[in-house]
Amino acid sequence: MVALSALLRLLVASTGVASLAREAVEARSCESVDDCAAVDEDAEALLASTSLLQASLRQTRGSSASVEEHFRQASLGPLFRLKGRRDVEFLSAPDNGKPDHSKDYSDLRPLWQLVSSAIPKDDSDPIWASAHELVRRHLERQNPDNLHFVQLCKEGRLEQYRNKGCSANSPGQKLIGGRPADSYYCGVQSKGIDWSSATWKVNNLCSAESGSAYMKQGICGSLSKKQLVLNFFSTVPKWNENPVYINVPSVDCILGLGDCDIYYCQHCTSLCDPPSRNESEVTEASQ
């Protein structure tokens, strides 16, 4: 614990991203000696990851200046937060040269700077696993709704997961252009959505194989942690501008919800169309 406390003080004294790691550690609790040991081990791993990210920022700040600037121009970075899984709220940008002291801005801005500085690094560089983990923790703690979805998914409570997602007050059921927001996420092909602006292969969860999200060719498993993190920062801010971007894998994949989402998309009546009678008969005959 002495080493852990010293590392915490070092990180707090360096950059703002330490606050995200520190609060994630402080949020953990334990009830037994074994539990406390596990929490300490997890905390040290997270804080070491944060230290790695900060070291990368110092090493690449000069060499990657042009790449970093390109990324900043292509995304809105930390000037947004997710009020819900599909509900983006933009934060006011500081206009006086002073940092914005809002909690979400101060949490996400340092991480965004670290990520943008690390873009030249390969997908396999361990910095991306660290960034992925910090984004995941940020998403979990930013909104209790996100954490509830994660808990239901981890526990395999698919019916409850679907019911929560399908409820009228769920962010995914908010109408965009007369369609539920999650129609875009699920890649629905039958509700008149214009996919022509998609510069990627539309991810159709309506026809995805159950349990395939994190397989090599799955919606999440086919992308590296680096790509998922970059997707988060560069496409989520565009959801309000063009809801087709909701289909780009980022938030749900990072939170580990991919397989549960396949079930949700295919079993929520407001999203994917149910199979035709002939298709149902073929499916039943093959079982």
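## Exercises on a predicted model

Helices α8 and α12 cross in a right-handed way. Keep in mind that this is a predicted model.

**Exercise 1.** Work out how the axes of α8 and α12 are oriented towards each other.

*Solution.*
- Begin with the description: two packed helices are described by the angle between their axes and the distance between the axes.
- Here α8 covers residues 158–166 and α12 covers residues 258–267; they pack at about 60°, with axes 9 Å apart.
- This angle makes α8 oblique to α12, because the roughly parallel class needs an angle under 35 degrees and the roughly perpendicular class runs from 65 to 115.

**Exercise 2.** Find the residues that make the contact between α8 and α12, and sort them by character.

*Solution.*
- From α8, take Leu158, Glu159, Tyr161, Arg162, Gly165 and Cys166.
- From α12, add Cys260, Asp261, Tyr263, Tyr264 and His267.
- Sorting the contact residues gives 6 nonpolar, 2 polar and 3 charged.

**Exercise 3.** Decide on which side of the burial cut-off serine 250 falls: is this residue buried or exposed?

*Solution.*
- Locate the residue: serine 250 sits in the loop between α10 (225–235) and α11 (251–254).
- List its neighbours: leaving out residues up to four places away in sequence, serine 250 touches Leu228, Asn231, Phe232, Val236 and Trp239.
- Apply the cut-off: serine 250 has 3% relative accessibility, so it counts as buried, the limit being under 20%.

**Exercise 4.** Describe the chain as a whole: how many helices and strands does it have, and what percentage of its residues is buried?

*Solution.*
- The chain has 13 helices and 4 strands.
- Of its 287 residues, 47% are buried.

Terms used. Residues numbered from 1 in each chain as written. Predicted model: local features only at pLDDT ≥ 70, side-chain atom pairs only at ≥ 80, totals over all residues. Heavy atoms only, no water. Axes fitted to C-alpha atoms, helices over the stretch in contact; angles between N-to-C directions. Helix = DSSP H or I, 4+ residues; strand = E, 2+ residues; numbered from the N terminus. Parallel < 35°, antiparallel > 145°, perpendicular 65-115°, else oblique. Left-handed = near helix turned anticlockwise from the far one by under 90°. Contact = heavy atoms within 4.5 Å. Nonpolar A, V, L, I, M, F, W, Y, C, P; charged D, E, K, R; others polar. Buried < 20%, exposed > 50% of the residue type's maximum accessible area, 1.4 Å probe, protein only.
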